[in-house]
Amino acid sequence: MTKSANTMWGGRFAAGPDAIMEAINASIGYDRRLAPQDIAGSRAHAAMLAACGIITDNDAEAIREGLLTVLSEIETGKFPFSTALEDIHMNVEARLRDLIGEPAGRLHTARSRNDQVAVDFRLWVRDQCDQADAALGALCGALLAQAEAGADWVMPGFTHLQTAQPVTWGHHMLAYVEMFSRDRSRFADARARMNTSPLGAAALAGTSFPIDRQMTATALGFDRPMSNSLDAVADRDFALEFLASASICAMHLSRLAEELVIWSSAQFRFVKMSDKWSTGSSIMPQKRNPDAAELIRAKVGRIFGANVALMTVMKGLPLTYSKDMQEDKEQTFDAADNLMLALAAMTGMVADMTAERANLKAAAASGFSTATDLADWLVRELGLPFREAHHVTGSLVAMAEGKGCDLPDLTLEDMQSVHADIRDDVFDVLGVENSVASRTSFGGTAPSQVRAQVAHWKEVLK
């Protein structure tokens, strides 16, 4: 091909179609992250081949030692990765052949790159589930410490971002403990389902060699081998479940991040963020920007995108393996990296933030937040139907708005002008502390309930 003819390929691919094919086909640029899993799978496979009499013990020992050398070279940055060898599997095998010669060629007996990559990727995603669980446990611990410290600190509860009813800081923090604990359970469920081994399925149909798939499954920490060789090499549900769980978790992180952005603003002043997690402005010296929270909020797009991307890759593939499935890793790697970063940053922010207790209390008392308490009192003490109590309360709220005051600032005479049977003890329920203290139903915001839930979660998180 002449130089002028090559220009049709353009730019960096001016060398022609061979260069393009190598670039689109190679995955070593990112799947080198699977090296520890690839070597663990190969070691288990070699040990099984020897135990089943398929290769000699001497060859198995040479393979084992050679793989350990390869792993050491990778870990120390001395490994000569080659794009021409396409992927981590071929890179490791080629280097193993350099180190030990002929026995390296026996390693791939009764195995294909199809089941090899399936087991490598499954092991990697399983590790990510474990890491996510640990990171979520740390975040729940930070939230729990905030909840315990502020079990009786009053703040406004919101619906539609409008003041609704008083709640406690501890109760609000515990809401996120509940959310992130559900995320932990989702990762645990996904891990349990993915903990079956595809190794030994070979290309798609199994193998005629007398292998022991339970042996390799056990060696790699799997519960059992997968029961269908076609499914074993075609399945990427484990990655999709991880990404789905990561997406829900990222959404929870984004909700909390949004609250921290709002709460740390000059208009709210509910929390003060540590300097560790804030930045200044290049032009406005008074600014303290909650950049870490904003970046966490933005990470959701990448994680959601990875989930949609892999679903799209898999949706039209006939059984079993197609090269499309090489696109399963980059987005999963990126999503996992960003989820772990977001979890670590959120844990740091929550641990370091300071709740502005006086501002929380002042905000809790605004916006007629005890109107529901007044309606409940009318039902409980005067026997009014709730709809009538709702109407009376609405009239009193309108009166307070007209006077430019809050409900507790109305006089008894004001209240009795709307309903003559209202008594002086109505004011006992109109204070925000009294309001939260009265919400003693299970799961309610009363400090007694918050402290009970804190004790419960301390046991769970041990």
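Ser112, once residues within four places in sequence are set aside, is in contact with Ala202 and Ala203. In this predicted model, Ser112 sits in the loop that runs between α6 (88–100) and α7 (113–149). The C-alpha atoms of Ser112 and Ala203 are 5.0 Å apart, although 91 residues separate the two in sequence. With a relative accessible area of 14%, Ser112 is buried, because that value falls under the 20% limit.

A second serine, Ser181, belongs to helix α8 (residues 169–194). Ser181 has a relative accessibility of 13% and therefore counts as buried. Beyond the residues up to four places away in sequence, Ser181 touches Cys140 and Trp457.

Phe442 is found in the loop between α18 (432–438) and α19 (447–460). Is Phe442 buried or exposed? At 73% relative accessibility it counts as exposed, since the value is over the 50% limit. Leaving aside neighbours within four places in sequence, the contacts of Phe442 are with Gln449 and Gln453. Phe442 and His171 are 271 residues apart in sequence, and their C-alpha atoms lie 12 Å from each other in space.

**Nonpolar cores**

The largest nonpolar core comprises 95 residues, and Trp169, Leu253 and Met346 are those with the most contacts inside it. Helix α11 (residues 237–263) supplies the largest share of this core, with 15 residues. Apart from this core lies another, of 21 residues, which includes Ala375, Ala389, Ala400 and Cys405. As for Leu253, which residues does it touch beyond those up to four places away in sequence? They are Leu139, Phe180, Ile296, Leu339, Ala342, Leu343 and Met346.

**Helices α12 and α13**

Two helices can be compared with the span expected at 1.5 Å a residue. Helix α12 (residues 291–314) has 24 residues and should span 34 Å, and because its end C-alpha atoms are 36 Å apart, the two values agree. For helix α13 (residues 329–352), also of 24 residues, the expected span is again 34 Å, and the distance of 35 Å between its end C-alpha atoms agrees with it.

Helix α13 is mostly covered, with 17 of its 24 residues buried. In α12, the buried residues are Ala292, Ala293, Ile296, Lys299, Val300, Ile303, Ala306, Asn307, Leu310, Val313 and Met314. These buried residues of α12 pack against α10 (229–234), α11 and α13. One of the buried residues of α12, Ile296, is also among the residues that Leu253 touches.

**Pockets and the cavity**

The table sets out the volumes of the open and enclosed spaces.

| Space | Volume |
|---|---|
| Largest pocket | about 340 Å³ |
| Second largest pocket | about 230 Å³ |
| Largest cavity | about 30 Å³ |

The largest pocket is lined by 16 residues, of which Phe158, His172, Tyr176, Arg255 and Glu259 are the closest to its centre. Two or more residues of this lining come from each of β1 (154–159), β2 (162–168), α8 and α11. By class, the lining of the largest pocket divides into eight nonpolar, five polar and three charged residues. Helix α11 thus appears both in this lining, as an element that gives two or more residues, and in the largest nonpolar core, where the largest share is its own.

The second largest pocket has a lining of 13 residues, and those nearest its centre are Ser264, Ser265, Ala266, Val271 and Arg288. This second lining is made up of four nonpolar, four polar and five charged residues.

How many cavities of 30 Å³ or more does a search of the whole structure find? The search finds one. The largest cavity is lined by Asp38, Ser42, Leu67, His89, Val92, Glu93, Leu107, Arg111 and Gln116. Among the elements, α4 (35–51) and α6 each give two or more residues to this lining, and α6 gives the most, with three. The classes are represented by three nonpolar, three polar and three charged residues.

Notes:
Residues are numbered from 1 along each chain as its sequence is written. This is a predicted model: local features need pLDDT of at least 70, side-chain atom pairs count only at pLDDT 80 or more; totals for chains, interfaces and linings use all residues. Side-chain values use heavy atoms; hydrogens and water are left out. A nonpolar core is a set of buried Ala, Val, Leu, Ile, Met, Phe, Trp, Tyr and Cys residues joined through side-chain atoms within 4.5 Å. Buried means under 20% relative accessible area, exposed over 50%, partly exposed in between (1.4 Å probe, protein chains only). Helices (H or I, at least four residues) and strands (E, at least two) are DSSP runs, numbered from the N terminus. Contact means heavy atoms within 4.5 Å. On a 1 Å grid over the protein atoms alone, a cavity is a set of points where a 1.4 Å probe fits but cannot get out, and a pocket is an open set with protein on both sides within 12 Å along at least five of seven lines; lining residues have an atom within 4 Å of a point. Grid points are joined across faces, edges and corners, and a volume is the space filled by probe spheres set on the points. Ala, Val, Leu, Ile, Met, Phe, Trp, Tyr, Cys and Pro count as nonpolar, Asp, Glu, Lys and Arg as charged, and the others, Gly among them, as polar. The expected span of a helix is 1.5 Å times one less than its number of residues.
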